[in-house]
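Let's sit down together and learn how to read the inside of a protein model. Bring your questions as they come.

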Amino acid sequence: MKKVISLTLIFLSFFAQSQESYTVTIDLTKAKNDRLPVELTVPAITEETVEYHMPKIVPGTYSISDFGRFISDFKALDADGNFLEVENISTNKWTIKDATKLSKITYWVDDSFDDFSGYGSNKLFEPGGMSIEVENDVFVMNTFGFVGYVDNYKFKPFELTIIHDQEIKGATSLKKQAETDTSDTYTAANYNFLADAPLMYSKPDIVSKEIAGADVLVSVYSPNNVLSASDVMDNIDELMEAQAKYLGGKLPVDRYAYLIYLFDSPTISGSYGALEHSYSSLYALPEMDPARISQTVKDVAAHEFFHIVTPLNIHSEEIHDFNYIQPEMSQHLWLYEGVTEYASQHVQLKYDLYDLQDFLAEMQNKMNQQDRYNVDIPYTEFSENILEPENERRYGDVYAGGALIAWCLDLTIIKSTNGQKDLQSVLRELSKQYGPMKAFKDEELFGEIEKITTPEVGAFLRTYVGGAEKLPYTETLGWAGISYSPESNEMVITAGKFAPAVNEDQEIYIADTDEMNDFGKDLGFKEGDVLLEWNGSEVSIESFQNIIQSFYSNTEAGDKITVLVRREVKGKTKEVKLKAKAKKVKSSQRHQLNVIENPSPEQQKIRAIWLGEV
C-alpha cells in the first residue's frame with residue numbers, strides 16, 4: 001500500500017509541475033482584527049464569466065457551514081492590477097465578469113472561533129473552523145475556510161505559501177516544497193487534497209516519530225502549558241501500534257499529523273472534539289488535568305485515526321468527487337462513522353488497552369443513545385438525507401447505531417465464514433479493491449461485500465442497513481457468548497435523576513427535575529441550581545461526567561453526600577450546601593449485556609476469534 005501511495009504522489013507531483021496551477025499566499029504577519037488576507041493567483045481562464053466558490057459544506061461535518069460568510073472585501077484583478085466586475089450572488093458564490101482577463105483574487109477571512117457582526121446563530125464546530133490569535137501567536141487554519149476555487153477549475157493543482165513570524169512554526173500533513181525562516185510553501189494536487197489538510201501555526205511544540213512504517217507528527221498548542229506534544233506522543237504510541245496490528249500489521253499511510261489546539265475559556269459552539277482528514281486530524285479540546293486531557297486525546301484519536309480506512313481507502317463516488325456547494329450525500333455513513341467508531345473501541349479491547357466489561361459498557365451506552373435518537377428509517381436513507389433537518393438532529397446516531405451495526409456485522413462475518421474472515425479483513429480486501437483513487441457506487445457496496453463474504457452477510461446488510469429492521473442483538477451477540485436483555489430492574493445508586501444542561505457560562509446546571517427520584521428530593525435539588533462541587537470535587541463541563549461515574553462506582557448506600565450549588569434565593573445569588581445519605585433506588589435498566597460464564601464450544605470459538613485470542 002505504501003508503494004502505491006508513493007507512486008501516486010510522484011504522478012501528482014509531475015502533474016503539478018506540468019499544468020497551470022493556483023498559487024495562494026496567506027500572510028500571518030498582516031493579520032488585523034482577527035482577520036487574515038488571502039491572495040490567490042488563478043490558472044488561465046477560458047470563460048467570459050466564472051464563479052468563485054467557498055464551501056457550503058465539507059466532508060466529515062455533515063452540516064451546512066457556509067464558509068462564504070467569513071469572507072469580506074472580495075476583489076478580482078487582471079494582470080495589470082485593474083479591478084474586474086464582481087457580484088456576490090449568494091453566501092458562497094461570487095461571479096466575475098471578463099474572466100479571461102482574471103489574474104488574481106484577494107479577500108479577507110474572519111476568525112470563526114470568535115463571534116462577530118454577521119456571524120449569525122450557526123456557530124461552527126471549532127475543529128472545522130479558523131482561529132486567528134495574533135496575541136497568542138497561534139493560527140488554526142482549516143484550508144477550506146481560507147481558500148476556495150473557480151468553478152470548473154477545482155482539479156487544478158494548488159501551491160500554498162504561508163508567511164509567518166520567525167518565532168512560530170507550522171504543522172500539517174501537506175507536502176512541503178520549500179521553506180525559509182519566515183515562509184513555507186506547500187503543494188496539493190487539487191482542491192480536494194488542499195481542503196483535506198489543515199495547518200496549525202504556533203510557537204513550536206512539535207515532535208515526530210516513526211510508528212509502524214508511518215511518520216507520525218504531533219503539534220500541540222496549550223495556552224497554560226499543561227500538555228506537551230511529547231505527552232501526547234507517549235500516550236498514543238501504544239494505541240497506534242495496536243491500530244497497526246488491527247489493520248494487518250502496518251499503517252496504510254506513510255504519514256499522519258495530530259494537530260491539537262487546547263483552549264482555557266468557553267467556546268462559542270459550546271462543544272469540543274476533532275475533525276478527521278485523510279492524513280491528519282485537528283482537535284479543539286479544553287485544557288484540563290494533563291492525565292485526563294492525554295486520555296481524552298487518546299480516546300478521540302482512536303476514532304479519528306481509523307478514518308484512514310474509511311473514507312480514505314474505501315469511499316463512494318459522492319465522497320470522491322465531493323460537491324462543496326450542492327453536496328450529494330452518500331448512503332453509507334454507517335460505514336464511514338459507525339464502523340470507524342466500532343473499530344476505535346474494538347482495537348482497545350482486542351489489544352488489552354481495556355477489558356471486555358469496559359467494551360460492553362460502551363456498547364450499552366450506544367444502545368441507550370440509539371433509543372433517544374430514534375432513527376426509524378433505513379440507515380442508507382438516513383445517511384443519504386442527513387442534511388434534512390429531522391435527520392441532522394439525529395446525526396449522533398451514526399456513531400451509536402452505526403457502531404452497533406458494525407459489531408453485529410463483525411460477528412455475522414465471523415460466524416458465516418466459520419472464522420475465516422472478520423470485519424477488518426473484509427475492509428482490508430475492500431481497501432485493495434478500491435484505495436484512495438477509486439470510488440465505489442453507493443448501490444453496489446452491499447453486493448461487493450457479499451462477494452468476498454457470504455450470502456448471510458449480504459442479507460444482514462440489506463435487512464438491517466438497507467432496511468429498517470431492528471438489530472437482532474439476542475441472536476447475534478449470543479454467538480459470541482454475550483447475553484442480551486432488553487430491560488431489567490435492579491436497585492442502584494443514583495445521582496438523583498435530574499436533567500443536567502450547560503448554561504451560557506459553560507457551567508453544569510439542573511435544567512429539569514420532573515423525573516427526580518427520592519435521593520434528588522432528599523438533597524433538595526431545584527431547577528436552575530448550578531453545580532459547583534460534588535463531594536468536594538469541583539464540577540465543570542470537563543469533569544462532570546467523570547465525577548458522576550466515580551460516584552456511581554465508589555458509593556455505598558448510607559454514605560454521606562454533599563453537593564455545593566449556586567441558586568437564586570429571594571432575588572439574591574447564594575451558595576447552598578446540600579446534604580443527604582446515598583440510597584439505592586429501583587431502576588429500570590435497558591439493554592443489559594453480560595458475559596456468559598460457561599459458553600458452548602461454538603460460542604467460545606467465535607468469542608476467541610472476535611477477541612483476537614486465536
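What follows is a short dialogue about cores, one residue and cavities.

Q: Before we start, what kind of model is this?
A: This is a predicted model, where local features need pLDDT of at least 70, side-chain atom pairs count only at pLDDT 80 or more, and totals for chains, interfaces and linings use all residues. Residues are numbered from 1 along each chain as its sequence is written, and side-chain values use heavy atoms, with hydrogens and water left out.

Q: How many residues does the largest nonpolar core have?
A: The idea first: a nonpolar core is a set of buried Ala, Val, Leu, Ile, Met, Phe, Trp, Tyr and Cys residues joined through side-chain atoms within 4.5 Å. Buried means under 20% relative accessible area, with exposed over 50% and partly exposed in between (1.4 Å probe, protein chains only). Here the largest such core has 101 residues, and Tyr258, Trp334, Trp407, Leu477 and Trp610 have the most contacts inside it. Its largest share, 11 residues, comes from helix H11 (residues 397-416). Helices (H or I, at least four residues) and strands (E, at least two) are DSSP runs, numbered from the N terminus. Apart from this core lies another, of 58 residues, including Ile26 and Phe74.

Q: Is Thr412 buried or exposed?
A: Thr412 counts as buried because its relative accessibility is 6%. You'll find Thr412 in helix H11. Contact means heavy atoms within 4.5 Å; leaving out residues up to four places away in sequence, Thr412 touches Glu456, Val457, Phe460, Thr476 and Trp479.

Q: How do I find empty space, and how many cavities are there of 30 Å³ or more?
A: Rolling a probe the size of a water molecule over the atoms shows where empty space is left. On a 1 Å grid over the protein atoms alone, a cavity is a set of points where a 1.4 Å probe fits but cannot get out, and lining residues have an atom within 4 Å of a point. Points are joined across faces, edges and corners, and a volume is the space filled by probe spheres set on them. By this rule there are two cavities of 30 Å³ or more. The largest holds about 40 Å³, and the second largest about 30 Å³.

Q: What lines the largest cavity?
A: Its lining includes Leu247, Phe306 and Gln424. Helix H7 (333-350) and helix H12 (423-433) each give two or more residues, and H7 gives the most, with three. By class, the lining has six nonpolar, three polar and no charged residues. Ala, Val, Leu, Ile, Met, Phe, Trp, Tyr, Cys and Pro count as nonpolar, Asp, Glu, Lys and Arg as charged, and the others, Gly among them, as polar.

Conventions
On a 1 Å grid over the protein atoms alone, a cavity is a set of points where a 1.4 Å probe fits but cannot get out, and a pocket is an open set with protein on both sides within 12 Å along at least five of seven lines; lining residues have an atom within 4 Å of a point.
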